[in-house]
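Me: Could you take me through one part of this chain slowly, as you would at the bench? I'd like to know what it packs against before you widen the view.

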Amino acid sequence: MISDIKAALSESQRALNALMSNDKALTAIESAAMLLVNCFSQGGKVLTCGNGGSLCDAMHFAEELSGKFRNDRAPLPAISISDPAHMSCVSNDYGYEFVFSRYVQAHCNSNDILFVISTSGSSKNILQAVKAAKTLGVKVIALTGVDLTKQSCELTEYSDCFIGTPGGNGYADRAQELHIKCIHILIELIEKKLFS
């Protein structure tokens, strides 16, 4: 089993090294940080969403912005679209495809950001959410596991900033590991810019 553990850690390390050497992804992370800083500076808020593990990451991102990351500072307005009453209502009445877009339509203004997380980049409810955001003039940041050199992704059409962090093993887990690193880096950069 030790060899399996080492193999898993090595695979993670390769994925992280690939991200560290991907200038396009690093520039996208920097651009996302600046979009978020500008949003908060201008009184906007961030709504974030995803499915499964990506929803957990979306909730993590929101709570560390509105709560605390590393330093004691003012809370930042961030909301994950994860209210079970809203999600079950919309799923029942309209279909799961619209659980995020209905929330965006109800709560987003043009000075806000929608931060979507999708390892596949092709979740129908995420696509509906970004389409709804664009009709409202809301900026969209997409964090995905998609390697645009190997496949296309419809999310790019609706994203003001697209971050692709493919993990390389064909599963979502390594991409998700990189996503949490990106989320933590974004919060760190936001704190440095707004609260240094």
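What follows is a close look at helix α5 and its surroundings.

Reply: Happy to. Keep in mind that this is a predicted model, where local features need pLDDT of at least 70 and side-chain atom pairs need 80 or more, while totals for chains, interfaces and linings use all residues. Numbering starts from 1 along each chain as its sequence is written, and side-chain values use heavy atoms, without hydrogens or water.

Helix α5 covers residues 99-107, and Val99, Phe100, Ser101, Tyr103 and Val104 in it are buried (under 20% relative accessible area with a 1.4 Å probe, protein chains only; over 50% is exposed, and in between is partly exposed). Helices here are DSSP runs of H or I with at least four residues, strands are E runs of at least two, and both are numbered from the N terminus. An α-helix has 3.6 residues a turn, so residues three or four places apart point the same way.

So what sits over those buried residues? The cover includes strands β1 (46-49), β2 (78-80) and β3 (113-118), along with helices α4 (84-93) and α6 (124-135).

Take β1 from that list. Val46 and Thr48 point one way and Leu47 and Cys49 the other, yet all are buried. The strand runs parallel to β2, with three bridges joining them (DSSP has to find at least two bridges for strands to pair). One such link is from Val46 to its bridge partner Ala78 in β2.

Now step back to the whole chain. It holds seven helices and five strands, in the order α-α-β-α-β-α-α-β-α-β-β-α from the N terminus. The radius of gyration is 17 Å, close to the 16 Å that the globule rule gives for 196 residues, so the chain is as compact as a globular protein of that length. That radius is taken over C-alpha atoms, and the rule is 2.2 Å times the number of residues to the power 0.38. The C-alpha atoms fill a box of roughly 50 × 45 × 30 Å along the principal axes. Of the 196 residues, 45% count as buried. Among contacts (heavy atoms within 4.5 Å) between residues at least 6 apart in sequence, 69% join residues at least 24 apart.
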